[in-house]
Amino acid sequence: MIIGLTNQKGGAGKTTVSGHLAYWLTKRGTVIVVDADAQASSTNWMKDLELPCKTMIDPDDLFDELPLLAEQYDWVVVDGPGSLSETTKAILSRCDLALVPCKPAGLDMHSTSKMLRILRQAKELRSGAPIVGLFLNQAKKGTVLLKDATRALSEKNTGFPLLKTIIYDLQVIADAPGQGTSVWGMSGSTAKRAAQEFDSLFTEALQIEGAL
Ligand SMILES: Nc1ncnc2c1ncn2[C@@H]1O[C@H](COP(=O)(O)OP(=O)(O)O)[C@@H](O)[C@H]1O
Ligand SMILES: [Mg+2]
């Protein structure tokens, strides 16, 4: 299965979540990460996590090679770029599941609606694929921003499911890549909480796709 983390907004959490997802999936089969962002932040982190990772930004390469990687690995996790480019479109034309992290702070409905439009177009072209799941990342508990974002991104407003699991703004999540690890490799109660949040998010995401 090919899972793409997409959102043209930089800083939404694509890299952070894709790395944690890839690590989480190693318990469920073989995994490769495809780093489709020119900033190549996944590539270094995955080296530390000892996970196979391929940098691939060219849309034609992604289009041709993602299906081949899916034959070799159980799970292909694609860390998308921060732009609504041909690269993003190539990922959406090949992934089975598109996960869209959305950060409540700075949620820009104009740019979100552009993303939703591209997602709808991909689904129309591919007769329903990819399955799409939006989720809130780096949320702050009990804030008006979170409440507003939850409403703005509701399935009623976007036409796509908003996953129930919310990933909160936790320092351990931000620290993990720099320490060459994941929240599962960190100690303390906050790391445990972050690990539980990711576990719940990924389980829920794979349930919408029917992979669990
Ligand atoms: N849930 C979170 N809690 C705390 N910091 C986060 C969280 N998610 C992402 N970040 C931080 O926000 C920044 C942007 O995240 P990143 O994954 O690089 O976004 P993207 O790949 O979409 O540009 C990074 O500094 C990252 O550490
Ligand atoms: Mg990134």
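How many residues of the shell around ligand 1 are nonpolar, how many polar and how many charged? Keep that in mind as you look at these close-ups of a predicted model.

**Close-up 1. The shell around ligand 1 is built from 15 residues.** Here's the split: 5 are nonpolar, 8 are polar and 2 are charged. The closest ones to look for are Lys14, Thr15, Thr16, Ile173 and Ala174. Helix 1 (14–25), strand 6 (131–139) and helix 8 (171–175) are the elements that each give two or more residues to this shell. Helix 1 chips in the largest share, with 3 residues.

**Close-up 2. Ala129 and Pro130 are joined by a cis peptide bond.** Check the omega angle here and you'll find about -5°. Pro130 sits in the loop between helix 5 (109–125) and strand 6. Worth knowing as you look: most peptide bonds are trans.

**Close-up 3. Ser127 has a positive phi without being a glycine.** Its phi is about 50°. Most residues other than glycine have a negative phi. You'll find Ser127 in the loop between helix 5 and strand 6. So is Ser127 buried or exposed? Ser127 is exposed, because just 6 other C-beta atoms lie within 10 Å, and a residue counts as exposed at 12 or fewer.

**Close-up 4. Ala40 is another residue other than glycine with a positive phi.** This time phi is near 50°, and the spot is the loop between strand 2 (31–35) and helix 2 (41–48). Ala40 has 15 C-beta neighbours inside 10 Å, so it counts as partly exposed.

Methods
Residues are numbered from 1 along each chain as its sequence is written. Chains are lettered from A and ligands numbered from 1 in the order in which they are written. This is a predicted model: local features need pLDDT of at least 70, side-chain atom pairs count only at pLDDT 80 or more; totals for chains, interfaces and linings use all residues. A residue is near a molecule or strand if its C-beta atom, placed from the backbone, lies within 6 Å of it. Helices (H or I, at least four residues) and strands (E, at least two) are DSSP runs, numbered from the N terminus. Ala, Val, Leu, Ile, Met, Phe, Trp, Tyr, Cys and Pro count as nonpolar, Asp, Glu, Lys and Arg as charged, and the others, Gly among them, as polar. A residue is buried if 20 or more other C-beta atoms lie within 10 Å of its own, exposed if 12 or fewer, and partly exposed in between; C-beta atoms are placed from the backbone.
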